[in-house]
Amino acid sequence: MSGYDEVVPAGEPWMGVVRHGQSLRIVDLEGNQAVDTLFYNAADTAEHYSAQNTIQAQGRIYLTTGTTLLSNRGNPLLRIEEDTCGRHDTLGGACSAESNTVRYALGKRSMHSCRDSFLLALARHSGKDGGLTKRDLPSNINFFMNVPVTPAGELRFADGISAAGRHVQLRALVDTLVLISNCPQLNNPCNAYNPTPIRVMTWDNA
Ligand SMILES: [Zn+2]
């Protein structure tokens with residue numbers, strides 16, 4: 001298959017391979033959705049996105065056009081080639097039963113989370129990708145999510161700055177396995193307490 005064009009409902013995971021030279025576009029269809037995303041070298045999934053290496057290399061904490069996403073081995077995986085949102089987070093991590101409990105309330109523990117979606121997607125694909133498990137979930141990217149860092153160094157989960165129809169587009173620099181959790185979170189303002197669908201597209205470049 002040379003490309004995808006799929007709508008991923010709110011709260012659902014998506015996995016697919018973007019081939020070297022292909023573009024991947026994620027569209028925030030209704031605005032202020034958080035799209036928790038991880039990338040792996042498709043040829044060796046022990047190599048994966050590294051927030052630390054990416055931040056260190058570019059000398060800034062937000063991701064936008066021109067950012068090269070680096071792996072845990074320091075190799076380029078993808079480059080952000082278009083960004084009509086302007087800011088993406090890679091510090092806030094993925095929501096989980098544990099973070100729902102710590103941030104919100106014990107009663108939120110059983111709510112659907114990105115970590116559960118990641119694990120579900122890995123389990124469904126375990127035959128194809130060499131058996132990825134929870135050990136293979138490093139710190140992720142939150143596309144369209146606004147997590148500003150204050151001058152005092154505090155993290156804030158703030159109102160989203162994205163809007164309906166905004167997108168981020170990446171060029172794969174190697175064959176890349178993409179793991180997305182279209183965040184189901186109902187407890188923070190980044191998505192206006194309202195998870196919404198996204199569109200995922202990939203295509204060959206001339
Ligand atoms: Zn989430």
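In this predicted model, a good place to start is Cys95, which is buried, with a relative accessible area of 5%. Cys114 is buried too, with a relative accessible area of 0%. Both residues serve a zinc ion, which is coordinated through the SG atoms of Cys95, Cys114 and Cys183 at 2.2 to 2.3 Å. The donor residues follow the spacing C-x18-C-x68-C in sequence. Cys95 and Cys114 thereby link distant parts of the chain: Cys95 sits in the loop between S6 and helix H2 (97–103), while Cys114, 19 residues apart from Cys95, belongs to helix H3.

Helix H3 (residues 114–124) deserves a look of its own. Its buried residues are Cys114, Ser117, Phe118, Ala121 and Leu122. Viewed down the axis of H3, these buried residues fall within an arc of 135°, so they line one face of the helix. The face turned away from that buried side carries the exposed residues Ala123 and Arg124. Strands S2, S4 and S9 are among the elements that cover the buried residues of H3.

Attention now turns to the nonpolar interior. In soluble globular proteins, nonpolar side chains tend to be buried together. Here the largest nonpolar core has 25 residues, of which Ile26, Phe39, Phe143 and Leu170 touch the most other members. At least two residues of this core come from each of several strands, including S3 (23–28), S4 (35–41), S8 (166–172) and S9 (176–182). Beyond its neighbours within four places in sequence, Ile26 is in contact with Val35, Phe143, Phe144, Arg166, His167, Val168, Ile180, Ile198 and Arg199. Another core, of 10 residues, lies apart from the largest one and has Leu38, Phe118, Leu132 and Leu179 among its members.

Definitions and conventions. Residues are numbered from 1 along each chain as its sequence is written. This is a predicted model: local features need pLDDT of at least 70, side-chain atom pairs count only at pLDDT 80 or more; totals for chains, interfaces and linings use all residues. Side-chain values use heavy atoms; hydrogens and water are left out. A nonpolar core is a set of buried Ala, Val, Leu, Ile, Met, Phe, Trp, Tyr and Cys residues joined through side-chain atoms within 4.5 Å. Buried means under 20% relative accessible area, exposed over 50%, partly exposed in between (1.4 Å probe, protein chains only). Helices (H or I, at least four residues) and strands (E, at least two) are DSSP runs, numbered from the N terminus. Contact means heavy atoms within 4.5 Å. The arc is that of the directions from the helix axis to the C-beta atoms. Donors are N, O and S atoms within 2.8 Å of the metal (3.2 Å for Na, K and Ca); water is not among the atoms, so sites may look incomplete.
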